[in-house]
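Subject: Structure for you, plus notes

Hi,

Here's the structure I promised to send over. Have a look at it first, and my notes follow underneath.

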Amino acid sequence: MKTRLMNPALWAVGLAVVTFAGPTAGDEINVYSYRQPPLVEPLFARFTEDTGIDVNVTFLNKGMIERLQAEGDRSPADLILTVDISRLNGIVEAGVTQAVESAVLNESIPSEFRDPDNHWFGLTARARIVYASKDRVADGEVTTYEDLASDNWKGRICIRTGTHPYNLALTSALIAHDGEDAARAWLEGIKSNLARKPQGNDRAQVKAIHAGECDISIGNTYYMGLMLKNEEQVAWANSVRIVFPTFESGGTHVNLSGMAMTAAAPNRENAVKLMEFLASDEGQGIYAETNHEYPLSPGIPLSQLVESWGSFEADSLDLIDVAKLRPMALRLVEEVDFDG
């Protein structure tokens, strides 16, 4: 892939939530979001500047589906922002979204990055890659995801918990490529190669590489951008380089950020306007630049930083098919006691 993702395997999305006494229509939109404020506020500020419509956002770490189900028809939420294809698929299966028919959305977002029934739409993509020590890992030493389970990496890997959605998505994709038995053996191999018990977030693994605790870690691409913007974390970022592994029978694993309209949506007309803005060239450009991710619409240039990480070929597995393997991935992670 040079500047565009082709048929990514998995994606991730961010969600926002607002607390109100009850749904009231007006010049506003209420968003439930899993994405952190700095990642979405520039978008909403531009939208409000252009339209005069206020965007009210509450951020949640968990419980999005349960909250929407409890609120039912009285939910104040119009729009959901979230990460990970399994979360996007999950909110649809939970019955808390509605289809959105929009020529603008269908023209802006390629069909492989939206729900077949138009319940969710992808916005940006990220790759799940390897952060490798510049000092202790040679160029070309990292090749495939499968090879990470080989003895070559004994005691050299750091990773966050295997039950985290980002790692479950990667495991799901590996099941799709190599089968259940191979995925179980792969998880056992990764576990035996860990330098320490799974812990922390993706940035914490890079910090551990910088400290000499391990040589490589698995993480999302955009964390490099976030570390470089944090004065305390620049040294961590500068101690590693991004490497794009592939599956032996595929490309580099990717995931989405995306959006969906809630089933209640008291401000439906305004919500459609916001969705169309987020999917526009301007919206995706701002979103991708702010989040250090890959825009989905053809023709939108990558940020200079993201382009500097190099090109890769995105895996071609169907997103929804991979999402459906999440329960099996979780079962395998628990069977091998990956986090124990």
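**What I found**

His292 sits in the loop between H11 and strand E10 (294–295). Before going on, one caveat: this is a predicted model. His292 isn't a glycine, yet its phi is positive, at about 60 degrees. Is His292 buried or exposed? With a relative accessible area of 7%, His292 counts as buried, because the cut-off for that is under 20%.

There's another residue of this kind further along. Asp337 is also not a glycine, and its phi is positive, near 50 degrees. You'll find Asp337 in the segment after H14. Asp337 has a relative accessible area of 43%, so it is partly exposed.

**H10 and H11**

Back to the helix that leads into the His292 loop. Helix H11 (residues 281–291) and helix H10 (residues 268–279) have axes that come within 4 Å and cross at roughly 65 degrees. That crossing angle makes H10 roughly perpendicular to H11. On the H10 side the contact is made by Phe277, Leu278 and Ala279, and on the H11 side by Asp281, Glu282, Gly283, Gln284 and Ile286.

H10 has 12 residues and spans 16 Å from its first C-alpha to its last, close to the 16 Å expected at 1.5 Å a residue. Its buried residues are Asn270, Ala271, Val272, Leu274, Met275, Phe277, Leu278 and Ala279.

**The cores**

Two of those H10 residues turn up again here. Which residues touch the most other members of the largest nonpolar core? Out of its 75 residues, they are Tyr131, Met259, Leu274 and Leu278. There is also a second, separate core of 30 residues, which includes Leu168, Leu174, Val322 and Phe338. As background, nonpolar side chains tend to be buried together in soluble globular proteins.

**Around H5, H6 and H14**

Helix H6 (residues 180–192) has 13 residues and reaches 19 Å from first C-alpha to last, close to the 18 Å expected at 1.5 Å a residue. Ala183, Trp186, Leu187, Gly189 and Ile190 are buried in H6. They cover an arc of only 165 degrees around the axis, so they lie on the same side of H6. What do the buried residues of H6 pack against? Their partners are strand E6 (157–158), helix H5 (165–178) and helix H14 (326–335).

Trp186 of H6 is worth opening in your viewer. At 7% relative accessibility, Trp186 counts as buried. Leaving out residues up to four places away in sequence, Trp186 touches Tyr145, Glu146, Ala149, Leu170, Thr171 and Leu174. The C-alpha atoms of Trp186 and Ile175 are 9.8 Å apart, with their positions 11 residues apart along the chain.

From the other side of that contact, Thr171 belongs to helix H5. Thr171 is buried too, at a relative accessible area of 3%. Again not counting residues up to four places away in sequence, Thr171 touches Trp186, Leu187 and Ala329.

H5 also packs with H14, at an angle of about 105 degrees and with the axes 8 Å apart. That makes H5 roughly perpendicular to H14. The residues in contact are Leu168, Thr171, Ser172 and Ile175 of H5 and Arg326, Met328, Ala329, Leu330, Leu332 and Val333 of H14.

**Two more residues to look at**

Ala132 is part of strand E5 (residues 120–133). Ala132 is buried, with a relative accessible area of 0%. Setting aside residues up to four places away in sequence, Ala132 touches Val137, Asp215, Ile216, Ser239, Val240, Arg241 and Val243. If you want a distance to check, the C-alpha atoms of Ala132 and Ala185 are separated by 23 Å, and the two residues are 53 apart along the chain.

Lastly, where is Gln233 found? Gln233 lies in the loop between helix H8 (222–228) and helix H9 (234–238). Despite being in a loop, Gln233 is buried, with a relative accessible area of 12%. Apart from its neighbours within four places in sequence, Gln233 is in contact with Arg203, Leu226 and Met227.

Cheers

Terms used
Residues are numbered from 1 along each chain as its sequence is written. This is a predicted model: local features need pLDDT of at least 70, side-chain atom pairs count only at pLDDT 80 or more; totals for chains, interfaces and linings use all residues. Side-chain values use heavy atoms; hydrogens and water are left out. Helices (H or I, at least four residues) and strands (E, at least two) are DSSP runs, numbered from the N terminus. The expected span of a helix is 1.5 Å times one less than its number of residues. Buried means under 20% relative accessible area, exposed over 50%, partly exposed in between (1.4 Å probe, protein chains only). The arc is that of the directions from the helix axis to the C-beta atoms. Contact means heavy atoms within 4.5 Å. A nonpolar core is a set of buried Ala, Val, Leu, Ile, Met, Phe, Trp, Tyr and Cys residues joined through side-chain atoms within 4.5 Å. Axes are lines fitted to C-alpha atoms, for helices over the stretch in contact, and angles run from 0 to 180 degrees between N-to-C directions. Angles under 35 degrees count as roughly parallel, over 145 as roughly antiparallel, 65 to 115 as roughly perpendicular and the rest as oblique.
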